[in-house]
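Student: Got a minute to go through this one with me? Let me pull it up.
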Amino acid sequence: MTGRGRKAVLPPADHHTEPPLAPNGLVVTVVTKAGFKKYDFAELPVAEPMQRSLAAVFAARSRGWTSHLTAGTNWRHIDQFAAFVSGLDSPPDDLDGLTAEALQSWRNQNIGTNNGRSVLGNPWTAAAGPPALHWAVGRRSGPPGSWADAE
């Protein structure tokens, strides 16, 4: 109902929304109350398979966002993570190639700062990959080696 008690006009029967993830798997369109914004994961300094994985997670999480601030914050966190991964001695091609040592390093680097705690507590991180990543952001209570059994 509208504000005056009238039924709202329904969209045409053939109306559909575009999926947030572009066909190339690298661009995500986030639609919020303020409009839309595109995020190009090809800009991230990691291998293309990891760009696609991060884009897929970002797209799935974006469906519930209602502001560009939320999308921008999540984008910055992913960008920080990608910069960290690209700085590793041997950067993996995808999320499942991350080692326990790399994830522990990411966690140690971020746990002691306010921004770092925000990055680690961000839900995209917990959804982004293998159980190893869940442990690295504090979502699991076991020691670093215990996640290997969960895979």
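Tutor: Sure, let's take the overall fold, then the strands, then one glutamine.

Tutor: Keep in mind that this is a predicted model, where local features need pLDDT of at least 70, side-chain atom pairs count only at pLDDT 80 or more, and totals for chains, interfaces and linings use all residues. Residues are numbered from 1 along each chain as its sequence is written, and side-chain values use heavy atoms, with hydrogens and water left out.

Student: OK, how many helices and strands does the protein have?
Tutor: Seven helices and two strands, going by DSSP runs (helices are H or I, at least four residues; strands are E, at least two; numbered from the N terminus). The order along the sequence is β-β-α-α-α-α-α-α-α.

Student: Which way do β1 and β2 pair, parallel or antiparallel?
Tutor: Antiparallel, with six bridges between β1 (residues 27–32) and β2 (residues 35–40); pairing takes at least two DSSP bridges. V27 has D40 as its bridge partner in β2.

Student: And what joins β1 to β2?
Tutor: A hairpin, through two residues.

Student: Switching to Q51: buried or exposed?
Tutor: Q51 counts as buried because its relative accessibility is 7%; buried is under 20% relative accessible area, exposed over 50%, partly exposed in between (1.4 Å probe, protein chains only). Q51 sits in helix α1, residues 48–62.

Student: What is Q51 in contact with, leaving aside neighbours within four places in sequence?
Tutor: L26, F41, A42, L44 and V46, where contact means heavy atoms within 4.5 Å. With V46, a polar atom of the Q51 side chain lies 3.1 Å from the backbone oxygen.

Conventions: Polar contact = N/O pair within 3.5 Å; in protein donor to acceptor, adjacent residues only side chain to side chain.
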